[in-house]
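Visitor: I am new to this structure and would like a close look at one part of it. Please take the strands of the second chain, and then say what else is worth knowing.

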Amino acid sequence: MNWLLAPLAYQFMQRGLLASVIVGVLCAVMGTYVVLRGMAFLGDAMAHAILPGVAIAYIFKGDLLLGAGIAAVAVALAIGLFSKDGAVKEDTAIGILFAAALSLGVALISSMQTYAVDLSHILFGNVLGVSPSDLWMIAGLSLAILLTVGLLFKPFLVISFDPVLAATLRLPAELLRNLMLVLLALTVVVSLQTVGVSLAAAMLVTPAATAYLLTRRLFPMMLVSALIGALSSIIGLYLSYYFNIVSGSAIVLTATLFFLLAFLWKRIRGT
Amino acid sequence: MTHTPHRLEIENASIGYGEKVVMRDLSFQVPHGARVAVVGPNGAGKSTLFKALVGILPLQSGRILIHGESLGTHKDCVAYIPQREDVDWRFPVTVSDVVMMGRFGQLGWFHRPSKMDKQLVRKSMEQMGIADLAERSIGQLSGGQQQRVFLARAIAQEPHILLMDEPFTGVDVTTQETTLNLLDHLRSQHVTTIVSTHDLNLAASRFDLVLLINHKLIAYGTPREVFVSENLAQAFGNSLLVMENGMMLVDECCPPDEEHHQHAEAK
């Protein structure tokens, strides 16, 4: 038992663990839409797109979450602008902006003296650096996002499964789609501190894809995905503590292991 | 003068994508409870017309009125059976989940289904002979069963107008029969049905009215009025063969397949 409790003797570990679990659950729930609606590429792009915002906030000692949030919205709007009226296809617009934002972010960060450390914190997260105020911010935003998803469960289900039904029911499909993108952007912003920019996309996709293999209805899929997200965060953080590896990587690798197990289980059972 | 509005009126509607016009200056009226077959060659704009009627494709000009009011005023009086290839069959929903979606218009965004909603869903599934499949994933069903799920959803929606895009193409005989029986049942409920089909003989024998289109209105009226050689030649060109016993065959081996309609010939 001691090995379980030992890490929790440190307050920064307690906060880190709480933050990871919250983010794990949040990403896993939003991830069900990412997986079902085929938005994996968008999630990845969104995660990298916030890098310049984070870098600018970092340089000017501003609020990282705020910087990330502004960058995410700016990129989402730019994607809409470039792909409007079919000027270029949406995935092309995403590809261009994703690369541009990543490059701009790295360029900004490379101007700092503590370049290597800062970059790795932003890219891979720094879960042990979560301050009490960060934790409140993460918890508050996550609760707001999850509540919105809960309240809009039916309309989100309809626009994801059957856009034509959404039209006949006169749902404001465009508004709901944009709201979903905003929620996705906020999710990425929230996960910045724990798993970092480059691994947030994995936490959006992997637990949800695992749950997709194990369930056959949307709500159970969300629950199972959340459970896998939470477990991956806890196990990953312990692995990171005992084997002295980067926590974000450990969390994502644990989630990947769950996916492989589910995949194998399904294969063995299916045949 | 009192005026009873038609169930559905289309006035000078032009429909298309962007600059491209697929359907030009279409006008027709459908009376209360009528059963209309929409026929025309592949790529004639049948699916495009349906998209406009559902409201996912805005009109370039003209207007569509339901009960004398413009499209969108009534929330859930139009139900739509999509073509099978338009549905993501791997989505994690069960048969009863899909049928329950038919109630969402009544329920609004936040209410949970009442006992009455659940009963209605049950009854709709029984009527379509899929009650025993209620907890199955939609991906596990056969093609005909999948179509019956969406028919059950349409019943649960209690629509005034039901649109079906090619319900007789590529389904088994049971489903075809169930669909036709459903059309009879809906007529007794005074539901207006508009069905697109490749099967001209079916259109002639089981429908009150036929809308013959090929990028524009060619003829609209009773099957006897519409299915005359002049109209058919105008719609299908020389790909149509009328047999001596009155059977009609359409040869559409290599159509400009804009609308992903499957090749099908009349019986």
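Guide: What follows starts with the strands of chain B and then turns to the contact between the chains. This is a predicted model, in which local features need pLDDT of at least 70, side-chain atom pairs count only at pLDDT 80 or more, and totals for chains, interfaces and linings use all residues. Residues are numbered from 1 along each chain as its sequence is written, while chains are lettered from A and ligands numbered from 1 in the order in which they are written.

Strand E4 (residues 61-66) of chain B runs antiparallel to strand E1 (residues 8-17) of chain B, joined to it by 5 bridges. Strands here (E, at least two residues) and helices (H or I, at least four) are DSSP runs, numbered from the N terminus; two strands pair if DSSP finds at least two bridges between them. One of the bridges links B:Glu9 with B:Leu65 in E4(B). E4(B) also pairs with strand E5 (residues 69-70) of chain B, again in the antiparallel sense, over 2 bridges. There, B:Ile66 has B:Glu69 in E5(B) as its bridge partner. E4(B) and E5(B) make a hairpin with 2 residues between them, and B:His67 in the turn has a positive phi of about 50°.

Now the contact between the chains. Chain A gives 19 residues and chain B 22 residues, where two residues are in contact if their C-beta atoms, placed from the backbone, lie within 7 Å. On the side of chain A that touches chain B, helix H9 (153-161), helix H10 (163-168) and helix H13 (218-243) of chain A each give two or more residues.
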